[in-house]
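Reader: I would like a close look at one part of this model. Take a single residue, then set it in the wider fold.

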Amino acid sequence: PTGDQWWRSAVVYQVYPRSFADATGDGIGDLQGVIQHLDHLEALGVDVIWLSPIYASPHDDNGYDISDYRAIDPLFGTFDDFDELLADLHRRGMKLVMDLVVNHTSDEHPWFVESASGPDSPKRDWYWWRPPRPGMVGGLPGAEPNNWGSFFSGSAWQFDQRSGEYYLHLFSRKQPDLNWENPAVRGAVYDMMNWWLDRGVDGFRMDVINLISKHPDLPDGVVPPGALYGDGYPFYGQGPRIHEFLHEMNERVFVGRTGQYLTVGEMPGVTVADAQLFTDPARAEVDMVFQFEHVGLDYGPGGKWDPREASVLDLKRSFARWQEGLARSGWNSLYWDNHDQPRVVSRFGDDGTFWRESATALATVLHLQRGTPYIYQGEELGMTNVPFEGIQDFRDIESLNHYAEAVGVKGERADVVLAALRRTSRDNARTPVQWSDAPHAGFTTGSPWIAVNPNSTRINAAAQRGDPNSVFAYYRGLIALRHSDRVVSHGTFELVLSEHPTVFAFSRTLGDRQLLVLANLSSSAAEYDVAAVPGWEGAEPVLGNLPDAAPAVDGRLAPWQAQVFARA
Ligand code: TEU
């Protein structure tokens with residue numbers, strides 16, 4: 001929310017503190033662990049750190065269930081640690097963006113505890129309480145106020161014996177949804193945001209912020225084929241007052257401040273048309289959004305637990321539509337990975353033979369688009385998905401609940417469900433950062449809360465930091481290019497070779513300067529029509545991911561080869 005849009009040339013790095021680095025030896029990452037590895041982030045060259053939640057929490061959903069927005073969870077450290085981290089980052093010229101989780105709180109937050117104390121509680125209306133369906137006995141199946149399912153399996157309603165009413169939770173039953181219709185709720189959130197900004201933080205990543213405005217009637221949703229519950233998304237995704245709320249938040253929190261801030265709304269299910277509204281600077285809502293279209297392309301008709309292959313054509317077309325849609329106003333955020341997604345090199349790349357090549361090719365096509373790139377911890381090392389052996393290896397509530405419901409309630413085959421979990425589970429992203437080939441990858445001296453990926457002996461930061469041909473070095477080069485070349489940060493985007501089945505190619509243009517990005521996103525050599533990229537024959541090579549290749553626009557690309565050329 002600043003006029004100069006400084007974040008156009010910035011790169012953001014996400015730290016998921018639980019899995020980043022453990023300084024205390026309790027097996028869980030912490031703030032001192034982050035502080036100890038700031039040299040790594042500075043060497044990479046990133047501008048902003050987005051810190052996943054560190055607030056007091058019962059950790060039902062690893063901190064996305066907050067019981068005190070103004071306290072640091074002792075698992076992660078103290079306010080002294082926090083202030084030290086913030087000061088150290090600022091000294092190094094980096095900014096800190098906090099996670100803002102205000103669609104819901106923990107059920108252990110004092111607001112909810114008070115709300116649950118009875119129908120006459122002054123905070124009753126801070127959450128969504130509803131009586132059982134007329135004529136039904138509360139607590140029995142089918143008596144829920146509507147048929148919505150939770151994102152974490154089961155009904156979105158939890159029965160409260162004491163009052164005989166239900167409360168709404170789109171995520172776990174320990175994450176009751178706040179009622180944003182109530183102005184006191186909104187005021188309390190804005191106060192809290194101002195409190196953190198006054199402490200010196202540089203912005204917010206807003207968790208599922210496009211779900212905060214619910215249609216107050218809470219109507220039943222359509223039950224998709226094979227599903228147990230109705231889909232409530234049409235009644236809370238981009239709900240009736242969402243734009244009003246985000247504009248109000250901007251007014252009440254950012255207007256009048258003079259610092260350089262960044263706001264990014266996490267928005268599952270958001271369309272290009274929605275994003276044009278959310279990110280239009282004239283509307284003063286958020287700077288950019290996380291959209292989910294490209295990370296849904298490998299979902300089958302049954303959703304995320306019904307995986308299929310995404311084609312390069314699908315990926316290209318999706319990215320190009322977003323580039324086009326936000327070309328004139330608004331702004332894209334660009335990401336492959338975060339703490340909710342499997343690892344990109346395993347998902348859209350080849351984590352075997354072409355591990356290094358595919359990790360760097362995928363990085364190239366993302367980082368050189370128009371938008372602000374986000375790197376998730378370990379992505380800069382080419383960290384891969386995890387060979388989880390059985391359900392006992394998983395920790396994530398979404399994965400565990402899904403397994404219990406699919407196998408236990410729907411009677412699906414355990415091996416089939418496990419295969420989908422191995423591919424799609426969020427835990428793929430949540431194993432410890434691989435710092436070295438030491439035991440537990442140098443993450444902890446204790447026993448890690450989730451097992452380290454066995455490939456840490458081969459894939460780790462220590463092995464890559466001094467190696468000019470490493471995935472790490474390549475990411476550093478991409479970040480440096482965004483900083484040094486305004487065509488990367490400010491240029492327009494145009495897809496080229498748009499019908500090619502495996503080559504993702506585009507140009508970027510700013511005044512007379514142009515870049516051509518060519519990447520073969522497949523494990524076979526690719527040929528393309530040189531005539532379709534006229535005038536690039538003698539262009540200057542800027543970057544390439546195959547150290548031994550002689551870069552040329554000559555109609556051929558080796559498996560996973562990526563090359564960037566410049567002219568004028
Ligand atoms: O995620 C919201 C979200 O829509 C999904 O990515 C979610 O992780 C799930 O996979 C849906 O099937 C955000 C956070 O990033 C996530 O970690 C939290 O669990 C969730 O909100 C609730 O706070």
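Reader: In which loop is A441 found? Please start there and work outwards.

Author: A441 is found in the loop between α13 (414–424) and α14 (461–465). The model is predicted, so read every value here as computed from that prediction.

Start with the backbone. Phi of A441 is near 55°. That is a positive value, and A441 is not a glycine. Most residues other than glycine have a negative phi. Now the surroundings. A441 has 27 C-beta neighbours inside 10 Å. The cut-off for a buried residue is 20 or more. A441 therefore counts as buried.

A284 also has a positive phi, of about 50°. A284 is not a glycine either. Its place is in the loop between α8 (272–279) and β11 (288–290). A284 has 15 other C-beta atoms within 10 Å. A count above 12 but below 20 means partly exposed, so A284 is partly exposed.

Other loops add to the picture. I28 is found in the loop between β1 (12–15) and α1 (31–36). I28 has 24 C-beta neighbours inside 10 Å, so I28 counts as buried. Leaving aside neighbours within four places in sequence, I28 is in contact with R18, D22, L75 and W449. P17 is 11 residues from I28 along the chain. The C-alpha atoms of I28 and P17 are separated by 8.2 Å.

D65 sits in the loop between β3 (55–56) and β4 (68–72). D65 has 26 C-beta neighbours inside 10 Å and therefore counts as buried. Not counting residues up to four places away in sequence, D65 touches S57, P58 and D60. D65 also touches S106, S172, K174 and Q175. T502 is 437 residues from D65 in sequence. In space, D65 and T502 are 41 Å apart, C-alpha to C-alpha.

D4 gives the opposite case. D4 lies in the segment before β1. D4 has 7 other C-beta atoms within 10 Å, so D4 is exposed. D4 and D61 are 57 residues apart in sequence. Their C-alpha atoms are 36 Å apart in space.

Next, the ligand. The shell around the ligand has 13 residues. Y64, F151, F171, P268 and D340 come nearest. By class, the shell has six nonpolar, one polar and six charged residues.

Now the core. In soluble globular proteins, nonpolar side chains tend to be buried together. Here the largest nonpolar core has 139 residues. The residues with the most contacts inside that core are V46, V48, I49, V289, L362, V517 and A519. The core draws at least three residues from domain 1 (1–96). It also draws at least three from domain 2 (472–483 + 491–567). Look at V517 in detail. Leaving aside neighbours within four places in sequence, V517 is in contact with T364, V365 and L368. V517 is also in contact with A505, F506 and V564. Apart from the largest core lies another core, of 10 residues. Among its residues are F394, Y403, A406 and L418.

The domains come next. The domain assignment gives domain 1 (1–96) and domain 2 (472–483 + 491–567). The centres of domain 1 and domain 2 are separated by 34 Å, taken over C-alpha atoms. Their contact takes five residues from domain 1 and six residues from domain 2. The side of domain 1 that touches domain 2 has three nonpolar and two polar residues. That side has no charged residues.

Finally, the whole chain. The protein chain has 16 helices and 22 strands. Its radius of gyration is 24 Å, close to the 24 Å that the globule rule gives for 568 residues, so the chain is as compact as a globular protein of that length. The C-alpha atoms fill a box of roughly 75 × 55 × 50 Å, taken along the principal axes. Of the 568 residues, 51% count as buried. A441 is on the buried side of that count. Consider contacts between residues at least 6 apart in sequence. Of these, 66% join residues at least 24 apart.

Key
Residues are numbered from 1 along each chain as its sequence is written. This is a predicted model: local features need pLDDT of at least 70, side-chain atom pairs count only at pLDDT 80 or more; totals for chains, interfaces and linings use all residues. A nonpolar core is a set of buried Ala, Val, Leu, Ile, Met, Phe, Trp, Tyr and Cys residues joined through C-beta atoms within 7 Å. Domain bounds come from an automatic or database domain assignment. Two residues are in contact if their C-beta atoms, placed from the backbone, lie within 7 Å. Helices (H or I, at least four residues) and strands (E, at least two) are DSSP runs, numbered from the N terminus. The radius of gyration is taken over C-alpha atoms; the globule rule is 2.2 Å times the number of residues to the power 0.38. Ala, Val, Leu, Ile, Met, Phe, Trp, Tyr, Cys and Pro count as nonpolar, Asp, Glu, Lys and Arg as charged, and the others, Gly among them, as polar. A residue is near a molecule or strand if its C-beta atom, placed from the backbone, lies within 6 Å of it.
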